[in-house]
Amino acid sequence: MKNVVVGVDSSTQSCKVLVLDAATGEELRSSKVAHPDGTSIDPRIWADALQQAWRQADPGSAGKVIGVGLAAQQHGMVALDVDGEPVHDALLWNDTRSAPEAAAMVADHGADFWAREVGSVPVASLTLTKLAWLARHEPEAASRVHRVVLPHDYLNHVLTGQWFTDRSEASGTGYYHPEAGYQDALLYEYFGNLPELPEVIAPGASGGRLRSSFGVGEPPVSAGAGDNAAAALGLGMRAGEIAVSIGTSGTVFASVPDAPAADASGAVAGFADATGGYLPLLAVINSARVMASTAELLGVALPEFDALASSGDPLAGGLNLMPYFDGERTPNLPDATGSLTGLSRASLTRENLARASVLAVLNSLADAALALSEVSVPAQRALLIGGGARSKSLRAAAPELFGMEVDVLEAGEYVALGAARQAAWAATGELPEFERRVEARLSPSGAAWGRKSRQLYAAERTRLYGV
């Protein structure tokens, strides 16, 4: 019987369970159970989805389960009473109702303070802002809070009965510094008391053993990670590389060994990674769904959308789409809406509108990559992952707008893969190397339209939004 490891990814959209050969990383079984849409949720729904996905994947039928790892969406506020029951729906990373609290925090102490003390300048996604919102708007619920955890921590407890977390998750709360640990004074200041917090354990450690009710014995459960830190593990990121993940949201990040980022501009979050190093990261709320919304408006599926976006003027006939459909995190514009400029009878075509949405997504991410290069080591290669990377028109344009080589990786569940690698690490004491599968390697041609698109986008962003 072969040894297997299980990686779980509890994302905004769904819970995925991946069962891999512990020695080779070969996928043996997988499953997926959807989560409800929205920006807040009863966290017990995540637990139900995890248990359903586990039963569907049936890891024990693939071999001997030697380790389990779980990664999840960062930042979400899970506030529990003394009995472990939620006092309020969990507020997810993309819930922007706490934007006024984030702004107040920056006004109180200044951006330099926050970059120094926790590595990130507050925005609405950070857990501390959500706790401040709860204290201000739901004081009765806030008064019953005994413990505060993140989605990954909550599900680790479902797996093991223990409360623990890792540096990558804790570093996205707004009350934890990747080197100095929890900053209790910030919780007292903005929440009014100090709730119980999960223990932060080492990346290769186990926080407990799997409950016997999962039916595969009691293998160790690893520390787990935030979704982007787990994706970096799954990608096996190397020096000189950045990851560009294009899903519901978009992220650009690097895994670096030496020092945390402390960007007072607020653009780059100074998170920890899942290896003991650091994960400077930028996130955008609007990514692949910008193209999906445009395709829906045009009444076409992705293949026809790609054909439209590839068949016209590379610069979309002068159309310029600013993709802030749902507010934005980078740049920090929580109340913004999108804009479409350059409209004329000649420019307003189906082809140009499709192309403009592709350029909007890539320019937004290219802005993020540029900001990352200013606080980290400049990259020579971008690793393109996520559902949006399936778009042929986006792939073709990416090297020109990023200005570097782009590796399009085979479609895969990289967050769950990273969680599984970490599970093997906790089980065996060694972090295994799994093969990276590159579907296409693309190089920039230096075409003038790529530089022009970057210039036009930056000019419109500044003119319309002042950033």
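**Exercise 1.** Which residues form a nonpolar patch on the surface, and what is their accessible area together?

*Solution.* The model is a predicted one.
Step 1. The nonpolar patch on the surface consists of L340, L343 and L348.
Step 2. Together, these leucines have about 260 Å² of accessible area.
Step 3. One of them, L340, can be placed in strand β21, which spans residues 339-341.
Step 4. L340 has a relative accessibility of 30%, so it counts as partly exposed; that class lies between buried, under 20%, and exposed, over 50%.

**Exercise 2.** Determine whether S31 is buried or exposed, and list what surrounds it.

*Solution.*
Step 1. Strand β3, residues 27-34, contains S31.
Step 2. The relative accessibility of S31 is 10%; because buried means under 20%, S31 counts as buried.
Step 3. Leaving out residues up to four places away in sequence, S31 touches C15, K16, V17, A53, Q56 and A57.
Step 4. For A53 there is also a polar contact: the S31 side chain reaches the backbone oxygen of A53 at 2.6 Å, and the cut-off for such a pair is 3.5 Å.

**Exercise 3.** Work out how the buried residues of helix α10 are arranged around its axis, and what they pack against.

*Solution.*
Step 1. Helix α10 covers residues 288-298, and its buried residues are A288, V290, M291, T294, A295 and L298.
Step 2. These residues lie on the same side of α10, because the arc they cover around the axis is only 160 degrees.
Step 3. The general background is that an α-helix has 3.6 residues a turn, so residues three or four places apart point the same way.
Step 4. E296 and L297, on the other side of α10, are exposed.
Step 5. The elements against which the buried residues of α10 pack are β16 (241-246), α11 (302-311), β20 (320-322), α12 (350-375) and α13 (392-402).
Step 6. S293 also belongs to α10; its relative accessibility is 35%, so it counts as partly exposed.
Step 7. Just after the helix comes G299, with a positive phi of about 70 degrees.

**Exercise 4.** Find how far apart the C-alpha atoms of S293 and D108 are.

*Solution.* Along the chain, S293 and D108 are 185 residues apart; in space, their C-alpha atoms are separated by 38 Å.

**Exercise 5.** Classify S364 as buried or exposed and name the residues it touches.

*Solution.*
Step 1. S364 is located in helix α12.
Step 2. S364 has a relative accessible area of 4% and is therefore buried.
Step 3. With residues up to four places away in sequence left out, S364 touches V284, P323 and Y457.

Conventions: Residues are numbered from 1 along each chain as its sequence is written. This is a predicted model: local features need pLDDT of at least 70, side-chain atom pairs count only at pLDDT 80 or more; totals for chains, interfaces and linings use all residues. Side-chain values use heavy atoms; hydrogens and water are left out. Helices (H or I, at least four residues) and strands (E, at least two) are DSSP runs, numbered from the N terminus. Buried means under 20% relative accessible area, exposed over 50%, partly exposed in between (1.4 Å probe, protein chains only). A polar contact is a pair of N or O atoms within 3.5 Å; within protein, one must be able to donate a hydrogen and the other to accept it, and residues adjacent in sequence count only if both atoms are side-chain atoms. Contact means heavy atoms within 4.5 Å. Patches are made of residues with over 30% relative accessible area and no salt bridge: like charges are joined within 9 Å, nonpolar side chains (Val, Leu, Ile, Met, Phe, Trp, Tyr) within 5 Å. Accessible areas come from the Shrake-Rupley method with a 1.4 Å probe; for residues, only the protein chains shown count as cover. A salt bridge is a side-chain nitrogen of Lys or Arg within 4 Å of a carboxyl oxygen of Asp or Glu. The arc is that of the directions from the helix axis to the C-beta atoms.
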